[in-house]
Amino acid sequence: MSDHHHPTGIKRWLFTTNHKDIGTLYLWFSFIMLLMGGSMAMVIRAELYEPGLQFVNPNFFNMMTTLHGLIMVFGAIMPATVGLANWCIPMMIGAPDMALPRMNNWSFWILPFAAFMLVSPMFMGGHFMAGQGPNFGWTFYEPLSGQYGKLAFFIFAIHLLGISSIMGSINIIATILNMRAPGMTLMKMPMFVWTWLITAFLLIAVMPVLAGAVTMMLTDKYFGTSFFNAAGGGDPVLFQHVFWFFGHPEVYIMILPAFGIVSQIIPTFSRKKLFGYASMVYATAAIAFLSFIVWAHHMFVVGMPVAGELYFMYATVMISVPTAVKVFNWTATMWRGAMTFEVPMLWAVAFVFLFTIGGFTGLMLGVAPADFQYTDTYFVVAHFHYVLVTGALFAIIGGVYYWLPKWTGHMYNETLSKTHFWLSVISVNVLFFPQHFLGLEGMPRRIPDYSPMFADWNRISSLGAFVFGASQLLFLYIVIKTIRGGEKASSQVWEGAEGLEWTVPSPAPYHTFETAPEVK
Amino acid sequence: MSEKKYYLPEPSYWPLVGSIGLFTTVFGFAHALEFHRDNLGGHLTMLYIGLAILAFMMFGWFGTVIRESEGGKYNAQVDTTFRMAMMWFIFSEVMFFAAFFGALFYARQLSVPWLGGADPVTHQYLWDKFSANWPLLHNPDPSKFASPKGVIEPFGIPLLNTIILLSSSVTVTIAHHALKANKRGALTFWLLITVILGFTFLGFQAHEYYEAYTELNLKLDSGIYGTTFFMLTGFHGLHVTIGATMLTIMLLRVLKGHFKPDHHFAFEAASWYWHFVDVVWLGLFIFVYWL
Amino acid sequence: MSASKTMRSLIGLLGTVLTFAPTVAMADYGLNMHKGVTKISHEIYDLHMLVLWIVTIVGILVFGVMIYSIINHRKSKGVTPATFHESTTVEVIWTVIPFVILVAIAVPATKTLLQMSDMSHPDLNIKVTGWQWKWEYDYLDNGVHFFSNLAKSSLDAGAEQVGDAKDVDNPAIHYLRNVDHPLVVPVHKKVRLLITGADVIHSWWVPDLGVKHDAIPGHINESWFRADKVGIYRGQCAELCGKGHGFMPIVVKVVSESDYKSWVAQQKKAEAAASADVNKTFTKAELMAKGKKVYDTICAACHQVNGKGLPGVFPALAGSKTVKGPKEEHIHTVVDGRPGTAMQAFGKQLNPVDIASVITYERNSFGNNDGDIVQPSDVVAFEKNQKSK
Ligand code: HEA
Ligand code: HEA
Ligand code: CUA
Ligand SMILES: [Cu+2]
């Protein structure tokens with residue numbers, strides 16, 4: 001089988017059915033999206049550097065915010081975790097490839113088209129700064145989004161993203177449930193595989209609901225339905241319910257794989273087994289379950305009946321319990337281990353600290369009366385960047401450093417990557433910590449200009465942002481350099497690494513496990 | 001069979017063709033919606049080209065799969081993969097319908113009653129002339145959304161359609177049993193009956209829509225009743241069409257001699273899909289037409 | 001080893017952030033939530049501090065353990081890793097403890113939430129409507145009614161001037177935070193707000209009053225406050241509502257009961273005067289002066305002060321067909337708006353005098369030189385004519 005004649009050049013990437021190739025495609029796609037979404041964040045931070053409108057007009061600013069959020073969520077974080085899943089899951093469970101290799105290719109190759117659909121209106125008609133791109137926030141609340149002139153492009157872009165995610169998730173579930181090597185029982189699977197199994201389930205459950213939401217928008221705008229219009233008996237708030245039924249699980253879709261990555265890295269560098277493996281699995285499942293029944297904590301001020309507010313408050317704060325279990329288990333894994341701090345470990349440790357801070361502010365937001373003050377302010381922005389940037393993104397970067405030697409066969413440059421880490425971890429806190437203060441002081445989110453009372457912290461935040469942004473260019477350089485060459489990596493790569501992926505050579509051969517390994 | 005290795009397909013261009021087809025379809029549609037809304041029909045060329053590419057892709061891709069399958073390349077594990085994939089796909093469809101059922105329940109239980117007085121201030125200051133009822137025959141603002149004159153009675157055609165669809169679920173099961181017992185004649189017969197029932201259902205549904213539009217003034221744009229009615233039954237009808245098409249293809253394959261008593265995943269997938277469509281209909285019949 | 005040095009500075013940094021951030025937040029540096037001037041806002045503040053303290057303490061404990069472990073349980077210290085990797089007992093303990101903490105938080109939170117939703121016995125009812133991009137206030141008990149826009153002076157006060165702003169009256173200090181007509185309410189009275197939206201969702205937020213509620217088109221949300229202190233309280237729209245979202249501030253003036261009474265009387269008088277003006281004939285200069293004011297506060301948000309609009313988004317008025325065309329069409333556009341665009345029906349928001357003057361202004365500015373003027377009576381006639389149609 002291994003003497004397949006593979007197409008080379010561009011055809012290799014267009015037609016590939018190999019999980020490693022597809023994983024690579026996903027990872028590069030997400031990196032490009034990170035740069036795009038990040039550049040938009042730089043525009044935002046530059047405009048907010050001081051009061052007054054300096055660089056862009058308010059409509060363009062809204063477009064930046066919207067596309068930044070959408071691109072980061074759907075373009076950077078999600079595809080990155082899918083890319084890691086593609087690369088790692090078959091190797092971790094001893095499978096020859098993903099269960100449905102052709103569909104795997106399709107899941108990826110929908111994405112560039114979807115991204116194009118999403119941003120294409122930016123370049124339609126008029127001049128660029130006038131901005132015809134989506135400008136209604138990544139949550140695209142009706143009826144504001146209904147006023148947007150190129151709504152159909154946006155809607156179909158979301159449909160395409162949904163199709164891609166659903167197919168990708170079906171593939172992952174089928175792979176995990178059906179392709180494990182003999183002896184690889186469910187409760188022996190690496191945590192990363194577990195978290196992805198549950199994430200895939202979440203995706204299949206909620207992406208169709210998102211598709212439903214945008215379909216309702218489509219018919220409301222173009223075919224006269226009245227889902228979100230009180231004049232016909234509907235309700236704009238209905239949109240928010242449907243959206244957040246997707247949206248809340250979505251944030252766990254972004255963080256669960258990150259939990260999985262960290263749960264691989266910490267035991268490796270602590271030279272100690274993951275503490276409380278079973279409870280980690282149950283906690284992940286509990287988080288996933290709870291994520292379906294807390295959505296309206298994003299809607300405390302829309303005017304729900306008070307019984308609803310109470311229920312959603314109680315359910316929301318409950319999510320802290322299984323998440324606490326995870327944090328405690330990571331801590332217990334490090335406890336009395338023999339730790340070393342190679343670069344992946346640095347990112348993982350930073351993740352545990354900083355994600356927890358984001359979780360803490362999440363708990364604060366979950367307390368409904370207080371959320372009346374927090375909601376739609378920079379406090380929320382600070383919360384979700386702590387969980388998304390220092391949470392999901394940090395874990396992904398850590399994961400990339402962790403598996404990069406396995407993918408490329410080379411070690412990364414130690415000095416450069418440590419520099420990358422320290423620059424990032426310091427600047428990211430300069431970037432996002434002050435945003436807590438801004439929010440508490442009363443600065444709403446999604447505004448292009450603000451009163452001088454918010455000037456100081458905004459300036460500091462922007463400075464942090466520029467440094468953090470520049471540091472990620474260093475990351476790009478390190479990755480390319482490692483692909484090109486570097487110290488040869490062994491199969492095991494890390495002294496404490498355990499698991500099937502560390503039994504095959506580095507770089508991992510094009511086809512791993514043509515005959516299934518036996519797992520004891 | 002199960003000794004054999006898991007089948008890993010060669011690189012394939014079908015997925016990319018599919019992406020291009022999808023993109024052409026939706027880009028064409030979006031373009032028409034945004035730039036030619038006054039004359040949609042005349043500007044759907046790109047959409048049709050996209051759909052044609054998609055159809056081409058389906059033929060090609062499924063054709064390849066059928067060839068591989070009939071050529072004995074799949075082992076039992078591959079079969080399990082297909083089964084799982086189909087099950088989870090149906091689950092995703094269930095969730096898609098759930099969104100629309102959710103909207104229906106929200107409108108019936110919350111938003112319409114609120115406007116009608118369950119939320120006293122909203123009623124008093126914004127909609128004091130509106131009273132809540134279901135089916136909603138008087139919209140909150142009839143000048144924006146013309147109210148329907150009536151709704152479809154549940155115990156006429158809809159009941160008949162319920163019986164038709166339920167029977168077709170039975171007949172497809174009989175056909176399945178016949179396939180497992182290798183009774184090709186019975187298989188063909190019952191499958192044919194199923195397909196006929198499916199298309200009969202669609203015929204009745206079309207008739208019902210015609211009546212709603214021409215006699216009842218019940219339209220997609222006649223307020224939340226028309227909205228939920230047409231969106232739910234419409235998406236269901238679309239799925240019946242897909243299911244009936246799948247079954248028709250199965251019928252053709254049966255006639256060509258495909259499927260074996262122990263190896264007929266495609267047939268099973270189509271019949272699962274058919275049962276799913278059936279169950280959704282039950283929900284529709286109860287919550288949209290009846291209660 | 002350099003790794004350990006770097007590790008230590010990480011610990012230092014995180015330690016600083018963790019131990020100081022909450023403490024600093026206590027101080028009155030403008031880092032923390034406002035206590036505000038209502039009972040509810042106080043309770044919210046207390047809840048905020050309660051949870052903040054809890055997570056700070058939990059954080060110190062958890063991070064403390066981690067930091068201890070990072071310092072001591074490292075390979076370079078020659079330790080051999082322990083082998084324990086599960087314990088049902090500890091799992092149960094650290095599941096139950098957070099749960100108990102959460103219950104402790106939920107109890108006061110529930111109490112506050114129930115109070116917030118108690119709408120009974122209001123002293124004053126005000127209907128608040130969010131528009132793109134202004135607020136409309138409708139005093140249901142005494143008929144006072146007005147729109148509240150971002151004050152032109154507050155927008156013009158370039159943020160650059162803030163440096164020289166010595167006193168609080170300097171408009172620069174309230175860049176983007178002043179309105180032309182503040183909401184005026186009496187102190188110590190329970191004010192019930194009926195909040196709704198006219199076009200898209202907005203959110204009425206004044207931090208010091210502890211009120212934030214979404215303004216949903218087609219639905220009314222109720223909220224209330226009882227201010228304990230006379231003063232001026234500022235806030236702004238807190239839900240993305242389009243390009244003017246950052247430019248729709250809220251100012252609430254809490255005044256004494258007697259000041260409130262005289263304010264109401266004054267409003268009534270002004271309204272009466274305005275309706276008398278409808279029958280008056282104005283000179284062109286009067287109309288132009290009034291018109292410029294109205295234009296700059298309302299129309300300029302989209303069409304820009306220079307009348308050039310934003311190409312591709314908001315049409316220019318300079319040289320516009322409508323503006324240079326017949327008067328009737330121009331009046332029609334302003335009064336009824338252009339459905340499906342951002343052009344609103346201003347007939348509902350502005351009185352005939354304002355409409356007449358702004359139309360006159362548009363027809364004779366930005367290089368448009370129609371030369372004609374529109375009198376309030378023209379607008380009234382148009383509206384009458386339309387009704388009879
Ligand atoms: C990765 C993504 C992610 C994650 C993991 C979370 C995690 C949590 N989030 Fe967050 N959230 C977002 C992404 C995320 N969030 C985003 C993107 C938004 C904004 C969307 C938008 O409007 O644009 C948002 C907004 C948001 C809101 C709405 C705010 C508003 O708009 O008003 C709320 C309100 O309840 C909330 C709550 C929570 C809670 C309770 C958790 C919990 O899961 C956190 C649990 C973790 C911990 C608590 C820390 C670990 C625990 C311990 C160490 C034990 C100690 C525990 C106790 C003290 C009990 N989030
Ligand atoms: C999912 C992940 C994710 C990630 C990774 C980020 C990353 C960043 N985010 Fe974002 N953000 C969101 C998700 C995310 N965000 C969401 C969902 C919203 C809400 C949107 C909404 O309200 O609708 C939001 C909103 C949001 C806002 C609020 C905007 C507003 O309310 O108007 C701000 C403001 O500071 C911000 C900043 C940043 C910054 C500085 C980064 C940085 O971490 C980015 C760093 C990366 C780079 C910079 C790229 C690499 C560098 C280059 C390409 C070279 C150019 C660099 C220089 C010129 C220095 N984000
Ligand atoms: Cu109005 Cu934001
Ligand atoms: Cu949430």
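How many Å apart are the copper ion (ligand 4) and the iron atom of ligand 1? They are 4.5 Å apart. With that as a warm-up, here are four exercises on this predicted model.

**Exercise 1. Find the protein donors of the copper ion (ligand 4) and describe where they sit.**

Step 1. Start at the copper ion (ligand 4) and look for its protein donors, which lie 1.9 to 2.1 Å from it. You should find A:His248 with its ND1 atom, and A:His297 and A:His298, each with NE2.

Step 2. Now turn to the sequence of chain A. The spacing of these donor residues reads H-x48-H-H.

Step 3. Place two of the donors in the fold. A:His248 belongs to helix H7 (residues 236-270) of chain A, while A:His298 is in the loop between helix H8 (277-291) and helix H9 (306-318). These two are 50 residues apart, so the pair links distant parts of the chain.

Step 4. Check how open each one is. A:His248 has a relative accessible area of 3%, so it counts as buried, the cut-off being under 20%. A:His298, at 27%, is partly exposed.

**Exercise 2. Describe the interface of chain C and chain A, from its extent down to a single salt bridge.**

Step 1. Begin with the residues in contact: 94 residues of chain C meet 100 residues of chain A.

Step 2. Turn to area. The size of an interface is often given as the accessible area lost when the parts come together. Here chain C and chain A bury about 8,500 Å² between them, and 74% of it is on carbon and sulfur atoms.

Step 3. Look for polar partners. Between chain C and chain A there are 22 residue pairs in polar contact, with both residues at pLDDT 80 or more.

Step 4. Ask which elements of chain C take part. Helix H1 (2-26), helix H2 (39-72), helix H3 (88-116) and strand S7 (211-215) each give two or more residues to the side that touches chain A. The largest share, 16 residues, comes from H2(C).

Step 5. Sort that side of chain C by class: 57 residues are nonpolar, 27 are polar and 10 are charged.

Step 6. Finish with the salt bridge. The rule finds one across this interface. Its partners are C:Lys75 and A:Glu495, whose closest N and O atoms are 2.8 Å apart.

**Exercise 3. Locate two cis peptide bonds in chain A, at A:Pro143 and A:Pro507.**

Step 1. Recall the background: most residues other than glycine have a negative phi, and most peptide bonds are trans.

Step 2. Go to A:Glu142 and A:Pro143, which are joined by a cis peptide bond with omega of about 0°. A:Pro143 lies in the loop between helix H4 (101-119) and helix H5 (151-178) of chain A.

Step 3. Move on to the bond from A:Ser506 to A:Pro507, which is cis with omega near -5°. A:Pro507 sits in the segment after helix H15 (455-484) of chain A.

**Exercise 4. In chain B, examine the positive phi values of B:Asn182 and B:Asn217.**

Step 1. Take B:Asn182, where phi is about 60° although the residue is not a glycine. Its place is the loop between helix H5 (157-180) and helix H6 (184-214) of chain B. B:Asn182 is partly exposed, with a relative accessible area of 46%.

Step 2. Continue to B:Asn217, another residue other than glycine, with a positive phi near 55°. B:Asn217 is in the loop between H6 and helix H7 (223-255) of chain B. With a relative accessible area of 22%, B:Asn217 is partly exposed.

Notes. Residues numbered from 1 in each chain as written. Chains lettered and ligands numbered in written order. Predicted model: local features only at pLDDT ≥ 70, side-chain atom pairs only at ≥ 80, totals over all residues. Heavy atoms only, no water. Contact = heavy atoms within 4.5 Å. Buried area = accessible area lost by both parts, 1.4 Å probe. Salt bridge = Lys/Arg side-chain N within 4 Å of Asp/Glu carboxyl O. Polar contact = N/O pair within 3.5 Å; in protein donor to acceptor, adjacent residues only side chain to side chain. Helix = DSSP H or I, 4+ residues; strand = E, 2+ residues; numbered from the N terminus. Nonpolar A, V, L, I, M, F, W, Y, C, P; charged D, E, K, R; others polar. Buried < 20%, exposed > 50% of the residue type's maximum accessible area, 1.4 Å probe, protein only. Donors = N, O, S within 2.8 Å, 3.2 Å for Na, K, Ca; no water.
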